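Trainee: I would like to go through this model step by step. Where do we begin?

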Amino acid sequence: MVAAVSIAQVHKYYGQLAALREVDFDIPPGSFFGLLGPNGAGKSTLINIMAGLVRASQGHVQIMGYDVQRQWRQARHTLGVVPQELVYDPFFTVSELLRLQSGYFGYGKKNEPWLEELIHILGLTDKAHTNLAHLSGGMKRRVLIAQALVHKPPVVVLDEPTAGVDVELRKMLWTFTQQLHQKGHTIVLTTHYLEEAEALCEQIAILNQGQLVALDSKTALLARYPYRLLRLNLTDSQVTVPDTLRDKIQSFTEGELILRLHREQDSISAVLDCLRNANIQFVDLHTQEPGLEEVFLSLTARR
Ligand SMILES: Nc1ncnc2c1ncn2[C@@H]1O[C@H](COP(=O)(O)OP(=O)(O)OP(=O)(O)O)[C@@H](O)[C@H]1O
């Protein structure tokens, strides 16, 4: 089966700076794929290479089997990218822009019902004849999504679609992308909201300083993490935690002590004995399984 996106030995240099180093992985067709990484990890560079906007210094990228450089026309037809920046042309209305974009892909009147449907499902009906310059940031974001979908691309890349949007629009975008996924589109999502990636993505790649540091299903990634958290609400917030527990402290604020315990090496009862021996009392405790945030931080922490 052809990969939705195939990234083969990609390097990208900006002068001396290696923005991507030996990045090599496939995004399976039909997956909901999270591309994560801290600021400057290389996510946008990789997306721009997929979109044919930036040329890889070495290596190849294919979208649905089409090379983004040699077969750029076909590759572009199979890909829709929702950019991170709110870039727009202030001279057009929403509906004019979508028609123009549709025409760029060679679609004529036959595509009108789909454009109407996009306007409707993205809640843009009232704004269809409004100039883009007069739309709010949230509305502009919806237009960018519609614009990326005019040609019904099988692969849809959303570069931080929920950055800076309100809760209502975020929920609407979640539902919308899930529906696209259910219809068979491959979704590639970058986001800094790890709870968002955890809720939506099945497969996850993590980039750090231009290199791939994790590639797995979300479930496997979470299961591989060897720690869990122990949360204790202490009666006294001023206590000194015993030395033997110091390196396990994840945080200690306002009487809530969170310890990071190794599943095999640390026993909860030994930790509690240690606290009791130090005369530290607590009113409540519970354990918590790690979330994507803990896994992400452990893989991307700068040494
Ligand atoms: N046109 C460019 N010229 C020079 N350096 C660049 C250029 N574009 C990106 N970089 C550098 O390449 C590295 C990767 O940047 P990139 O924007 O791909 O990261 P990112 O993971 O998308 O970050 P963010 O989460 O902040 O959007 C950074 O060090 C950045 O400064």
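**Reading the model**

Trainee: Which part of the shell around the ligand comes from α1, in number of residues?

Mentor: Keep in mind that this is a predicted model. Two elements give two or more residues to the shell around the ligand: β2 (17-27) and α1 (43-50). The largest share comes from α1, and it amounts to three residues.

Trainee: How do the residues of that shell divide into nonpolar, polar and charged?

Mentor: The ligand is surrounded by Y14, L17, A19, G37, N39, G40, A41, G42, K43, S44 and T45. Glycine is counted with the polar residues here. The division is four nonpolar, six polar and one charged.

Trainee: How many helices and strands are there in the chain?

Mentor: Start with the extent. The C-alpha trace spans about 80 × 45 × 35 Å along its principal axes. Of the 303 residues, 33% count as buried. The chain holds eleven helices and 14 strands.

Trainee: What percentage of contacts between residues at least 6 apart in sequence join residues at least 24 apart?

Mentor: A contact here needs C-beta atoms within 7 Å. Take the contacts between residues at least 6 apart in sequence; the share that joins residues at least 24 apart is 69%.

Trainee: Which strands are at the edges of the sheet that contains β1 and β4?

Mentor: That open sheet has four strands, in the order β2-β1-β4-β5, with antiparallel pairing. An edge strand pairs on one side only. The edge strands are β2 and β5 (66-67).

Trainee: How many bridges join β1 to β2?

Mentor: Look at β1 (residues 5-14) from both sides. Five bridges join β1 to β4 (residues 58-63), and A8 stands opposite H60 in β4. Towards β2, Y13 stands opposite A18. The antiparallel strands β1 and β2 are joined by seven bridges.

Trainee: Which residue takes a positive phi in the hairpin of β1 and β2?

Mentor: The hairpin has two residues between its strands. The phi in question is near 60°. The residue is G15.

Trainee: Why do β6 and β10 each have one side without a neighbour in the sheet?

Mentor: The open sheet has six strands, in the order β6-β7-β8-β3-β9-β10, and its pairing is mixed. β6 (79-82) and β10 (211-217) stand at the edges, so each has a single partner strand. The twist from one strand to the next averages 15°.

Trainee: Which residue of β8 is the bridge partner of G34?

Mentor: Sheet strands pair through backbone hydrogen bonds, parallel or antiparallel. Strands β3 (residues 32-36) and β8 (residues 186-190) run parallel, joined by three bridges. The partner of G34 is L189.

Trainee: At about what angle does α11 run to β9?

Mentor: Two helices can be placed against these strands. Helix α6 (residues 167-182) lies across β3, β7 (155-159) and β8, at about 150° to β8. Helix α11 (residues 292-300) packs on the sheet and touches β3, β9 (203-208) and β10. Its direction makes an angle with that of β9 of about 35°.

Trainee: Is G138 buried, exposed or partly exposed?

Mentor: G138 lies in helix α5 (residues 137-149). Beyond residues up to four places away in sequence, G138 touches V165, D166 and L169. Buried needs 20 or more other C-beta atoms within 10 Å, and exposed needs 12 or fewer. G138 has 17, so G138 is partly exposed.

Note on methods
Residues are numbered from 1 along each chain as its sequence is written. This is a predicted model: local features need pLDDT of at least 70, side-chain atom pairs count only at pLDDT 80 or more; totals for chains, interfaces and linings use all residues. A residue is near a molecule or strand if its C-beta atom, placed from the backbone, lies within 6 Å of it. Two strands pair if DSSP finds at least two bridges between them. Axes are lines fitted to C-alpha atoms, for helices over the stretch in contact, and angles run from 0 to 180 degrees between N-to-C directions.
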